Amino acid sequence: MPLSDAQWARIEPLLPDRTPKRGGRWRDHRQVIDAIAWKFQTGSQWVHLPAEYGSWKGVYSRLRNWAIDGTWEMVFTALLARADVEGDLDWVVAVDSTIVRAHQNAAGARKKGPGLASAHHAIGRSRGGLTTKIHLASDGRCRPLCFVLTPGQAGDAPAFEHVMAALRVPRAIGRPRTRPLVILADRAYSSRAIRQHLRQRGIRAVIPQPADQVANRKRKGRKGGRPPAFDRHTYKQRNTVERCINRLKNWRGLATRYEKTATVYQAGLHIAGIFIWSAR
């Protein structure tokens with residue numbers, strides 16, 4: 001679906017001036033954003049972009065250039081900041097991850113420096129083929145707050161601190177807000193390091209313990225210490241991140257990765273987030 005007039009009214013003031021530093025005027029921003037959204041919503045190839053959107057090469061260039069210079073992330077973050085000022089951002093935050101299959105068209109990106117290009121572009125190889133894992137946080141109303149990409153075989157717990165570091169909502173005065181009231185996460189995030197990280201930052205953790213950790217603590221007796229506090233009632237809200245993932249995966253070009261570089265694919269996530277936050 002294209003941007004509504006209400007969505008465009010929220011987004012337009014956040015976009016760069018239509019006159020770039022070099023060359024002539026850019027094509028209409030709204031038309032280009034609608035074209036990019038069409039591509040990610042349908043999962044179609046760029047060459048099949050409808051004629052009313054103009055040249056697919058120009059649209060892709062805008063997507064890529066604004067992904068590299070951080071424009072998409074800046075607009076996404078500005079919408080979060082506005083929602084926070086208006087009291088519409090729920091700081092009961094849930095964290096989770098989801099795996100997406102990387103299409104064969106996503107493979108073959110050039111290597112940059114030492115190491116594998118696939119790892120650099122957040123593509124992993126496993127029994128299921130090429131995959132990418134999206135680690136994200138969502139607010140209490142099923143809306144994304146940040147994204148971190150890793151190869152598909154990466155674990156959830158090691159990426160947790162990267163997700164928390166990516167969670168930054170600017171304020172008009174003072175430092176950005178980075179500390180939720182509560183963090184909700186499933187058993188994959190039940191580690192001493194994660195609980196200590198949240199405790200040091202004054203964030204309440206609502207994370208259940210897996211059975212093996214419970215058994216190990218009981219086996220140690222007094223040396224095992226007290227069980228971590230767990231609020232079952234609050235934990236029922238963890239489904240907000242799963243519902244957020246479902247909203248993102250309604251965009252077929254995000255549910256399956258077709259983009260070669262992690263930079264462009266993550267820009268697609270930010271654009272989906274822009275549509276979600278501008279529709280509130």
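These questions and answers go through a predicted model.

Visitor: What is the average pLDDT of the chain?
Guide: The model is predicted, so confidence comes first. Of the residues, 91% score at least 70. The chain average is a pLDDT of 90.

Visitor: Which element has the lowest mean pLDDT?
Guide: Strand β5, residues 182-184, has the highest mean, 98. At the other end, with a mean of 57, is helix α5, residues 117-120.

Visitor: Over which residues does pLDDT stay under 50?
Guide: The model has three contacts beyond four places in sequence for this stretch. Where pLDDT is low, the predicted coordinates should not be read in detail. The stretch is residues 113-117.

Visitor: How are α3 and α12 oriented, roughly parallel or roughly perpendicular?
Guide: Helix α3 spans residues 56-68 and helix α12 spans residues 262-278. Their axes come within 9 Å and cross at roughly 95°. Angles of 65 to 115 degrees count as roughly perpendicular. Therefore α3 is roughly perpendicular to α12.

Visitor: Which residues of α12 meet α3?
Guide: From α3 come Tyr60, Leu63, Arg64, Ala67 and Ile68. By class, the contact of α3 with α12 has seven nonpolar, one polar and one charged residues. The α12 side is Thr263, Val264, Ala267 and Ile271.

Visitor: At roughly what angle do the axes of α2 and α3 cross?
Guide: Helix α2 covers residues 29-42, and its axis comes within 10 Å of that of α3. The crossing makes α2 roughly perpendicular to α3. The angle is roughly 90°.

Visitor: Which residues of α3 make the contact with α2?
Guide: Helix α2 contributes His29, Val32, Ala35, Ile36 and Phe40. Seven nonpolar, one polar and one charged residues make up the contact of α2 with α3. On the α3 side are Val59, Arg62, Leu63 and Trp66.

Visitor: What is the volume of the largest cavity?
Guide: The structure holds one cavity of 30 Å³ or more. The volume of the largest cavity is about 40 Å³.

Visitor: Which element gives the largest share of the lining of the largest cavity?
Guide: Elements giving two or more lining residues are β1 (92-102), β3 (129-138), α10 (239-249) and α11 (252-255). The largest share is three residues, and it comes from α10.

Visitor: Which charged residue lines the largest cavity?
Guide: By class, the lining has eight nonpolar, one polar and one charged residues. Thr98, Val100, Ile134, Leu136, Ile245, Leu248, Leu254, Ala255 and Leu269 are among the lining residues. Lys counts as charged, so the residue is Lys249.

Definitions and conventions. Residues are numbered from 1 along each chain as its sequence is written. This is a predicted model: local features need pLDDT of at least 70, side-chain atom pairs count only at pLDDT 80 or more; totals for chains, interfaces and linings use all residues. Side-chain values use heavy atoms; hydrogens and water are left out. pLDDT is the predictor's confidence in each residue, from 0 to 100. Helices (H or I, at least four residues) and strands (E, at least two) are DSSP runs, numbered from the N terminus. Contact means heavy atoms within 4.5 Å. Axes are lines fitted to C-alpha atoms, for helices over the stretch in contact, and angles run from 0 to 180 degrees between N-to-C directions. Angles under 35 degrees count as roughly parallel, over 145 as roughly antiparallel, 65 to 115 as roughly perpendicular and the rest as oblique. On a 1 Å grid over the protein atoms alone, a cavity is a set of points where a 1.4 Å probe fits but cannot get out, and a pocket is an open set with protein on both sides within 12 Å along at least five of seven lines; lining residues have an atom within 4 Å of a point. Grid points are joined across faces, edges and corners, and a volume is the space filled by probe spheres set on the points.
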